[in-house]
Amino acid sequence: MMTTADIKVFKKTNFTDQKFSILIPTWNNLAYLQLCIESIKKNSFFNHQIIIHINEGTDGTKEWVEQQNFDYTISKENIGVCYALNICSTLAFTDYILYMNDDMYACKNWDKFLWDEINKMPIKLFFLSATAIEPKAQSICSIERNFGTDIQTFDEQK
């Protein structure tokens with residue numbers, strides 16, 4: 001049985017100019033995590049705090065995250081997305097928390113569009129959700145466009 005002693009928390013950043021704290025749980029999915037974070041860095045208008053929860057990390061994720069100097073939490077086994085988000089949210093220091101899966105890709109200026117919507121909100125207690133772009137739409141809340149079905153076939157230029 002896993003205990004809280006099996007979860008470690010590492011605070012690495014101490015910046016003040018970040019707009020969002022982006023929480024990304026991952027479970028031995030290093031190549032996708034790297035693409036996700038690269039898209040955030042490349043396509044963001046603002047600076048953001050990136051916080052990763054590493055479930056197990058037996059695929060080199062832990063070593064890579066440490067090299068990148070991100071804030072992160074880690075568990076020896078998979079604790080699930082809810083607990084992962086709760087534990088890594090303790091490191092957030094911005095006014096806005098954003099959740100991304102490790103296999104998501106952030107489009108150009110995604111955060112500027114989000115920030116513009118936030119500023120239209122009549123009160124500061126809200127929840128906003130994005131629209132997924134998927135090769136095969138899973139619901140009426142997603143857009144069907146095929147930019148690849150895995151990391152090898154992903155067409156970033158499209």
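## A walk through the predicted model

N109 is partly exposed, with a relative accessible area of 25%. That is a handy place to start a tour of this structure, which is a predicted model.

N109 is found in the loop that links strand 5 to helix 4. Its backbone deserves a look: phi of N109 is near 60°, a positive value in a residue other than glycine. Most residues other than glycine have a negative phi. Once neighbours within four places in sequence are set aside, N109 is in contact with N43 and F45. Q138 is 29 residues from N109 in sequence, and their C-alpha atoms are 25 Å apart in space.

E56 can be viewed alongside N109. Phi of E56 is near 70°, again a positive value in a residue other than glycine. E56 sits in the loop between strand 3 and helix 2. Is E56 buried or partly exposed? At 27% relative accessibility, E56 counts as partly exposed, because buried residues have under 20%.

### The nonpolar cores

Now for the interior. In soluble globular proteins, nonpolar side chains tend to be buried together. Here the largest nonpolar core has 24 residues, and I24 and I52 have the most contacts inside it. Two or more residues of this core come from each of strand 2 (18-27), helix 1 (30-43), strand 3 (47-55), helix 2 (61-68), strand 4 (71-75), strand 5 (96-99) and helix 4 (110-120). Helix 1 gives the most to this core, with five residues.

Which residues does I52 touch, leaving aside its neighbours within four places in sequence? I52 is in contact with I24, T26, L33, I37, V65, F70, D71, Y72 and T73. Another core lies apart from the largest one; this other core has five residues, among them L23, I51, L85 and C88.

### Helix 3 and strand 5

L85 and C88 also appear in the account of helix 3, which spans residues 81-89 and has A84, L85, I87 and C88 as buried residues. An α-helix has 3.6 residues a turn, so residues three or four places apart point the same way. The buried residues of helix 3 pack against strand 1 (7-10), strand 2, strand 3, strand 4 and strand 5.

In a regular strand the side chains alternate between the two faces of the sheet. Strand 5 shows such an alternation: Y96 and L98 point to one face and are buried, while I97 and Y99 point to the other and are not buried. Strand 5 runs parallel to strand 2, and four bridges join the two. Within this pairing, L23 stands opposite Y99 in strand 5.

### Two pockets

The table sets out the two largest pockets together.

| Pocket | Volume | Lining residues | Nearest the centre | Makeup of the lining |
|---|---|---|---|---|
| Largest pocket | About 1,800 Å³ | 46 residues | M100, M104, Y105, A130 and T131 | 27 nonpolar, seven polar and 12 charged |
| Second largest pocket | About 260 Å³ | 14 residues | Q18, K41, H48, I50 and F70 | five nonpolar, eight polar and one charged |

Which elements supply at least two residues each to the lining of the largest pocket? Helix 1, strand 5, helix 4 and strand 6 (132-134) each do so. Helix 4 gives the most to that lining, with five residues.

For the second largest pocket, helix 1 and strand 3 each supply at least two lining residues. The largest share of this lining comes from strand 3, with four residues. F70 is among the residues that lie nearest the centre of the second largest pocket, and F70 is also one of the contacts of I52.

### Beyond strand 7

Our last stop is K158, in the segment after strand 7 (142-144). K158 counts as exposed, since its relative accessibility is 63% and exposed means over 50%. Leaving aside neighbours within four places in sequence, K158 is in contact with N146 and F147. Y105 and K158 are 53 residues apart in sequence, with 13 Å between their C-alpha atoms. Y105 may be familiar by now: Y105 is one of the residues nearest the centre of the largest pocket.

Conventions
Residues numbered from 1 in each chain as written. Predicted model: local features only at pLDDT ≥ 70, side-chain atom pairs only at ≥ 80, totals over all residues. Heavy atoms only, no water. Core = buried A, V, L, I, M, F, W, Y, C linked by side-chain atoms within 4.5 Å. Buried < 20%, exposed > 50% of the residue type's maximum accessible area, 1.4 Å probe, protein only. Contact = heavy atoms within 4.5 Å. 1 Å grid on protein atoms, 1.4 Å probe; cavity = no way out; pocket = protein on both sides within 12 Å on 5 of 7 lines; lining within 4 Å. Points joined across faces, edges and corners; volume = space filled by probe spheres on them. Nonpolar A, V, L, I, M, F, W, Y, C, P; charged D, E, K, R; others polar. Pairing = 2+ DSSP bridges.
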